[in-house]
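Good morning, everyone, and thank you for making time for this. I would like to walk slowly through one model, so please have the sequence and the picture open as I speak.

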Amino acid sequence: MSRSTATDIDILYEDNHILAVNKRPGDIVQGDKTGDSPLSDVVKEWLRIKYSKPGNIFAGVVHRIDRPVSGVVVFAKTSKALSRLNELFKEKEVRKTYWACVPKQANLENATLVDFLVKDEAKNKSRVVSAKTVGAKRSEMHYTVLAHSDKYTLLEVNPVTGRHHQIRVQLSHAGFSIKGDLKYGAPRSNPDGSIHLHARSVHFIHPVSKLPIHIVAPTPNETIWNYFARLNP
């Protein structure tokens, strides 16, 4: 998986308070135990170069998506925007849309999935359990069938809750693992280590201007994504 740098980062939106990036598979949004440079640092370096800023640069992490996943990630450029965006996410006032490629499901219909999940910290993996299981968290999402290819089905997914690996584990439990997602049952990995899950868009009310903001992230330049992107411009 290639990773973004300050010279080739894909900026989707920027104003005085927020900045949105089209994350590549392989980028980690925030620093973790791997020690790899996170996307938040890349954003800071990009801002430093663009505005010739000395000293510390603010780029607040508002939300995260998994490392092998691509798509839109929003950062706050000011502390005011960070606190207000955090509140929007907490109150579920940010509408997030994902695209997922799964093995072809010719007769699949639009549906809502409701499961209870438990996270295994040691394995960095979630699993579906009984509602009565200690630590179980309710997980809800809707999906819509957008298109089919010879081998794959494109789903548009709208999570209602924001659980760990929610889309990945719920689709797997429903019987169709995301392409390339070995952790959740895919038969083989993608050559670059990515999975075919893409954070397609976010929609929210701007934390300062109060105007509606809708940010769409183009899919990665890859054969299957390109096919579905042509069908769903």
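**The cavity and its walls**

Let me begin inside, with the largest cavity, whose lining is made up of H63, I65, V72, K96, Y98, A199, S201 and V202. I should say at once that this is a predicted model. If you ask how much space lies in that largest cavity, it comes to about 30 Å³, and the count of cavities of 30 Å³ or more is one. Two elements, β5 (95–103) and β10, each supply at least two residues of this lining, and β10 gives the most, with three residues.

Now to the open space. The largest pocket has a volume of about 1,700 Å³, and of the 49 residues that line that pocket, the closest to its centre are R64, D66, R163, H164 and H165. Which elements give two or more residues to the lining of the largest pocket? They are α2 (79–90), β5, β6 (111–120), β9 (152–159) and α3.

Next, the nonpolar interior. The largest nonpolar core has 50 residues, and those with the most contacts inside that core are L155, L171 and F204. Taking L171 as our example, and leaving out residues up to four places away in sequence, we find that L171 touches A100, V102, L113, M141, Y143, L155, F176, S177 and I178. Apart from the largest core lies another one, of eight residues, which include C101, Y152, L154 and I224.

Two of the residues that L171 touches, Y143 and F176, bring us to the aromatic rings. A pair of aromatic rings is described by the distance of the centres and the angle of the planes. There are two aromatic pairs in the structure. Y143 and F176 form one that is edge-to-face, at 5.9 Å centre to centre and with 90° between the planes. Because Y143 lies in strand β8 (residues 137–148) and F176 in the loop between α3 (166–174) and β10 (197–205), this pair ties together parts that are 33 residues apart in sequence. Both Y143 and F176 are buried.

In the other pair, the ring centres of Y227 and F228 are 5.4 Å apart and the planes stand at 70°, so this pair is edge-to-face as well. Are its two members buried or partly exposed? Y227 has 34% relative accessibility and so counts as partly exposed, whereas F228, at 0%, counts as buried.

Rings also appear beside charged side chains here. R200 lies over the face of W99, at 4.2 Å from the ring centre, and the charged end of K125 sits over the ring of Y184, 5.6 Å from the centre of that ring.

W99 and R200 come up again when we turn to T219, which, leaving aside neighbours within four places in sequence, is in contact with W99, H198, R200, W225 and A229. T219 is found in the loop between β11 (212–216) and α4 (223–231), and since its relative accessibility is 13%, T219 counts as buried.

Let me finish with S70, which lies in strand β4 (residues 70–76). Why is S70 called buried? Its relative accessible area is 2%, and the cut-off for buried is under 20%. Not counting residues up to four places away in sequence, S70 touches K23, P25, I65, L197, H198, A199 and P220, and two of these, I65 and A199, are residues you have already met in the lining of the largest cavity.

Notes:
Residues are numbered from 1 along each chain as its sequence is written. This is a predicted model: local features need pLDDT of at least 70, side-chain atom pairs count only at pLDDT 80 or more; totals for chains, interfaces and linings use all residues. Side-chain values use heavy atoms; hydrogens and water are left out. A nonpolar core is a set of buried Ala, Val, Leu, Ile, Met, Phe, Trp, Tyr and Cys residues joined through side-chain atoms within 4.5 Å. Buried means under 20% relative accessible area, exposed over 50%, partly exposed in between (1.4 Å probe, protein chains only). Contact means heavy atoms within 4.5 Å. Helices (H or I, at least four residues) and strands (E, at least two) are DSSP runs, numbered from the N terminus. Rings of Phe, Tyr and Trp (its six-membered ring) pair if their centres lie within 6.5 Å; planes under 30 degrees apart count as stacked, over 60 as edge-to-face and the rest as tilted. A charge sits over a ring if NZ of Lys or CZ of Arg is within 6 Å of the ring centre and within 35 degrees of the ring normal. On a 1 Å grid over the protein atoms alone, a cavity is a set of points where a 1.4 Å probe fits but cannot get out, and a pocket is an open set with protein on both sides within 12 Å along at least five of seven lines; lining residues have an atom within 4 Å of a point. Grid points are joined across faces, edges and corners, and a volume is the space filled by probe spheres set on the points.
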